Amino acid sequence: MHKIGIDLGGTKIEGILLDEKYNTIQRKRIETHQENGYNSIVKSITSLVNELKVKTDEDTSIGICTPGVTDANSGLIRNSNTQCLIGMPLKNDIENILGYEIAMENDANCFTLAESSLGSVKGYDVVFGVIMGTGIGGGIVINGNLHKGRTNIAGEWGHHTLIPHGNECYCGKQGCVETYISGPAIEKRWMEITGKKESLQSIVQDLSSEKAKQWKEEFLENFGIGLANVIDILDPDVIVLGGGVSNIPFLYDEGKKAVYDKVFSDSIETPILKNSLGDSAGVFGACLLSN
Ligand SMILES: [Zn+2]
């Protein structure tokens, strides 16, 4: 069976058509145009699916990777950074237009599925995948299958409480991991400590000043506690990092040590690895949803 995967992002929608061996037959990117609203996004997705579908004569499965979680009971999108999707029955609306069933999952789940099947953590049985970008997400894959949980929130470590009564989070809680180690949270804290407005990329260029050291120590502490909590509960065979923040080089040595220091074990050796699919994890993960 051939596979179509769609990755719905805040600025672009990417589609891919793969053969049964995961070779690319066709790939296309279009603009999301959030400003045109929900119906326009639904139409863009279904048009892209139809456009890819005519490129093959084989039976084709359709998977869609979305920002935000689909509520297990209501089928409505929750907690999406693409605001116009929130509260909408996206899966249902797409299926109604296409006339057949599709698979749909959030970006962290698609990322974890793609990296564990085709990427840098292929071959590990229990994988915890982390997206550290504009937001913080996570996914769990066990023996090649997504573990979604009873209410579809398994792996959502970005909104577990790191610091009680800490930073306000858009989700309504306080002190969530996301408000300390996501890209925007890092830049905000850097500004508070150093008085300088800088991008994440430029922040990590030079960390020799006293203030920079203070920032780094605090960041490592938060990163360490956040992931140590995950290891204590799941004890995965590997952790794979994705998203813009995963490009920070020291996460894989000093970051790993900070995690190990907080884990409830003296013999911890869980590998913490960088992704290998980059931005392509979304479309490939979407294709893998139908396996
Ligand atoms: Zn939160």
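This report walks through a predicted model, looking at its aromatic rings, its zinc site and one loop residue.

## Aromatic rings along helix α7

Let us begin with the rings. Across the whole structure, a search finds 6 aromatic pairs. One of them joins Trp215 and Phe219, which are stacked, with 5.4 Å from centre to centre and 10° between the planes. These two residues both belong to helix α7, which covers residues 210-234. They sit 4 residues apart there, about one turn of the helix.

Moving along, Phe219 also pairs with Phe223: the ring centres are 6.2 Å apart and the planes meet at 15°, so this pair is stacked, as the angle is under 30 degrees. Phe219 and Phe223 are again 4 residues apart in helix α7, about one turn of the helix.

Are these rings buried or exposed? Trp215 and Phe219 are both buried. Phe219 has a relative accessible area of 3%, and it counts as buried because that value is under 20%. Phe223 has a relative accessibility of 0%, so it is buried as well.

## A wider cluster

Which residues do the ring pairs link into a cluster? The members are Trp190, Trp215, Phe219, Phe223 and Phe250. One of these rings also has a lysine over its face: Lys216 lies over Phe250, at 4.5 Å from the ring centre.

## The zinc site

Next comes the metal. Four protein atoms serve as donors to the zinc ion: ND1 of His159 and the SG atoms of Cys169, Cys171 and Cys176. They lie 2.0 to 2.4 Å from the zinc ion. In sequence, the spacing of these donor residues reads H-x9-C-x1-C-x4-C.

The angles among the 4 donor atoms run from 105 to 117°, and the site is tetrahedral. For four tetrahedral donors, the ideal angle at a metal is 109.5 degrees.

Two of the cysteines can be described by their accessibility. Cys171 has a relative accessible area of 27%, so it counts as partly exposed. Cys176 is buried because its relative accessibility is 0%.

## Asp59 and the start of the chain

Finally, have a look at Asp59, found in the loop between α1 (38-53) and β4 (60-66). Its relative accessible area is 59%, and Asp59 is exposed because this is over 50%.

Where does Asp59 lie relative to Met1? The two residues are 58 residues apart in sequence, yet their C-alpha atoms are 5.5 Å apart in space. Setting aside neighbours within four places in sequence, Asp59 is in contact with Met1 and His2.

Key: Residues are numbered from 1 along each chain as its sequence is written. This is a predicted model: local features need pLDDT of at least 70, side-chain atom pairs count only at pLDDT 80 or more; totals for chains, interfaces and linings use all residues. Side-chain values use heavy atoms; hydrogens and water are left out. Rings of Phe, Tyr and Trp (its six-membered ring) pair if their centres lie within 6.5 Å; planes under 30 degrees apart count as stacked, over 60 as edge-to-face and the rest as tilted. Buried means under 20% relative accessible area, exposed over 50%, partly exposed in between (1.4 Å probe, protein chains only). A charge sits over a ring if NZ of Lys or CZ of Arg is within 6 Å of the ring centre and within 35 degrees of the ring normal. Donors are N, O and S atoms within 2.8 Å of the metal (3.2 Å for Na, K and Ca); water is not among the atoms, so sites may look incomplete. Four donors count as tetrahedral if all angles lie between 85 and 135 degrees; four count as square planar and six as octahedral if opposite donors are over 155 degrees apart and all others between 65 and 115; anything else is irregular. Contact means heavy atoms within 4.5 Å.
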